[in-house]
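These exercises ask you to locate features in a structure and check them against a worked solution. Keep the sequence and the 3D view side by side.

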Amino acid sequence: MTGTRARWAAMLGVAAAVSALLAATGWLTPSRQPAAQAPDRCTILQAENERSGAPTTLRLLDLPGGATKRLTQAGYWINAMGYSAAQGFVYGVADGTRGGRYAHGAHAVRIDGQGTVTDLGVIGRAGATRPLWSLVTGATAGAVAGNRWYVRQDSDLYTVDISPATQDYLRVVHRTPLRPVSLAVSVDDFAYDPVDGLLYGVSTTSRGGGAVVTLDPATGKVVPVPGLRFPDGGAYGSVVLGPGAIYATANRDGHRSVTYRLPRDGSGPAVEVATGPVLVSGDAAGCLTETPPPPPPTTSSPEPPPPPTTTPAPPQTTTPAPTPTPTTPAPEPPPPPRPPPVEQPAAPVPVPAPTPAPVVRPREVTPAPAPPPTSAPRARPTEKPQPVADDTAHRTRQQRRWGLTALILVLGGGAAAAHGRRHR
């Protein structure tokens, strides 16, 4: 047993020496790569209103780094935004355009990843048969959970249906009063947490004092979250939930707007991550999924169609081939002018027989113009051929007479010759 223990001690000593060597070279140092790859990055869409009314500036804000990218200056006055990850769009409440406020109150607008804004019309009421004043006009807080868009207007929480397949699309389907009002009325934005089904915002009333509060969409109850507080000051118009943190933007902190990051576990105070111009109102939605990668494949897919379009081009080139054929019949019209010169030499051909042709043709032509009285002078040419007929008859009679005379002479001569022979 003593030898066995010695061998085990020797093996343990060798293992300890090897471990020390690996630790010295860094092979056994705990890997920090997973911590570096922790999902802490969040990109949000911010709507900034530097004055009342349109236009609203749309920006992308990369958190926690704070890098910002301006997308566009929309011709709408936008607030109360919420991001639908399933649809890939941000919905927002627009109270008007550069031309002024809407006649029936707030409209719903849809914003894509490139900042393109589409007006979807007035946010109506479920069951209403005609446009009524929108209940969410002037709303400042918004968030999306599935096909429900939660919008706070004053001390009420409205639920708007954003499922395009339903008949109540973009209509208010539910209203929940928020209590206590002293905490609810100053929550200018909130974000939805799918884990507990609550909305998180910042209350800036004298009672709230920059505290993080939760709003229950089912009951309307507003409750402060212990240990989570942002710097006391103006309204927090933009609130989003990032990985392990709450991001909120104070519309006015001195001569600027400030975006803070507050750990949700209460491990530290709120820290400044980005600044911007002073805002009259603002809002935010996110974290956005990286939709830009999908569009490139879709843009590449239309590229195959151009080859098919080139294939039909050859048939188009064949179609011009028949077009020259219609051009060949074009020279065929010249033959019509050729018949007139052929008809002119044909006129002298009937001259060798003037008597029958002219006699018959004038008689055939005369009946056509017979109805008018002018046919009388055309009868004169018919009188001229009559003497021709008389001359021929006269000549015939003369020939007959000469023939008869010749016959008599022949007969007389024959009789005389016969008489002479007899006397011989």
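**Exercise 1. Find the loop that holds P64, and describe the peptide bond that leads into P64.**

Step 1. P64 lies in the loop between strand 2 (56-63) and strand 3 (67-74). Helices (H or I, at least four residues) and strands (E, at least two) are DSSP runs, numbered from the N terminus.
Step 2. The bond from L63 to P64 is cis, and its omega is near 5°.
Step 3. A further cis peptide bond runs from G286 to C287, with omega near 0°. C287 sits in the loop between strand 22 and helix 4 (295-300).

The model is predicted: local features need pLDDT of at least 70, side-chain atom pairs count only at pLDDT 80 or more, and totals for chains, interfaces and linings use all residues. Residues are numbered from 1 along each chain as its sequence is written, and side-chain values use heavy atoms, with hydrogens and water left out.

**Exercise 2. State how confident the prediction is, and where the pLDDT is below 50.**

Step 1. pLDDT is the predictor's confidence in each residue, from 0 to 100. The protein averages 75, and 60% of the residues score at least 70.
Step 2. Among the elements, strand 12 has the highest mean pLDDT (98), while helix 2 (residues 33-36) has the lowest (36).
Step 3. Residues 21-38 have a pLDDT below 50, and this stretch has 4 contacts beyond near neighbours in sequence. Contact means heavy atoms within 4.5 Å.
Step 4. Residues 291-370 also have a pLDDT below 50, with 10 contacts beyond near neighbours in sequence.

**Exercise 3. Describe how strand 13 pairs with strand 9 and with strand 12.**

Step 1. Two strands pair if DSSP finds at least two bridges between them.
Step 2. Strand 9 (residues 124-125) and strand 13 (residues 171-177) run parallel over 2 bridges. Here R125 stands opposite V172.
Step 3. Strand 12 (residues 156-161) pairs with strand 13 in the antiparallel sense over 5 bridges. D156 stands opposite P177 in this pairing.
Step 4. Now look at the loops on either side of strand 12. D154, in the loop between strand 11 (148-153) and strand 12, has a phi near 60°, a positive value in a residue other than glycine.
Step 5. L170, in the loop between strand 12 and strand 13, is not a glycine either, yet its phi is positive at about 65°. L170 is buried (under 20% relative accessible area; exposed is over 50%, partly exposed in between, with a 1.4 Å probe and protein chains only), because its relative accessible area is 6%.

**Exercise 4. Give the strand order of the open sheet that contains strand 19, then place T249 in it.**

Step 1. The sheet has 4 strands in the order 18-19-20-21, with antiparallel pairing.
Step 2. Strand 18 and strand 21 are at the edges with a single partner strand each, so one side of each has no neighbour in the sheet.
Step 3. Strand 18 and strand 19 pair over 6 bridges, and one bridge joins S238 to T249 in strand 19.
Step 4. T249 is buried because its relative accessible area is 5%.
Step 5. The T249 side chain makes a polar contact with the side chain of T259 at 2.8 Å. A polar contact is a pair of N or O atoms within 3.5 Å; within protein, one must be able to donate a hydrogen and the other to accept it, and residues adjacent in sequence count only if both atoms are side-chain atoms.

**Exercise 5. Identify the residues with the most contacts inside the largest nonpolar core, and follow V212 outward.**

Step 1. A nonpolar core is a set of buried Ala, Val, Leu, Ile, Met, Phe, Trp, Tyr and Cys residues joined through side-chain atoms within 4.5 Å.
Step 2. The largest one has 17 residues, and V212, F230, Y236, I246 and Y260 have the most contacts inside it.
Step 3. Strands 15 (198-203), 17 (222-229), 18 (236-242), 19 (245-250) and 20 (257-263) each give two or more residues to this core.
Step 4. Leaving aside neighbours within four places in sequence, V212 touches residues including Y200, V223, F230, I246 and L262.
Step 5. Strand 16 (residues 211-215) pairs with strand 17 in the antiparallel sense over 4 bridges, and T214 has V223 as its bridge partner.
Step 6. These two strands form a hairpin with 6 residues between them, and G220 in the turn has a positive phi of about 80°.
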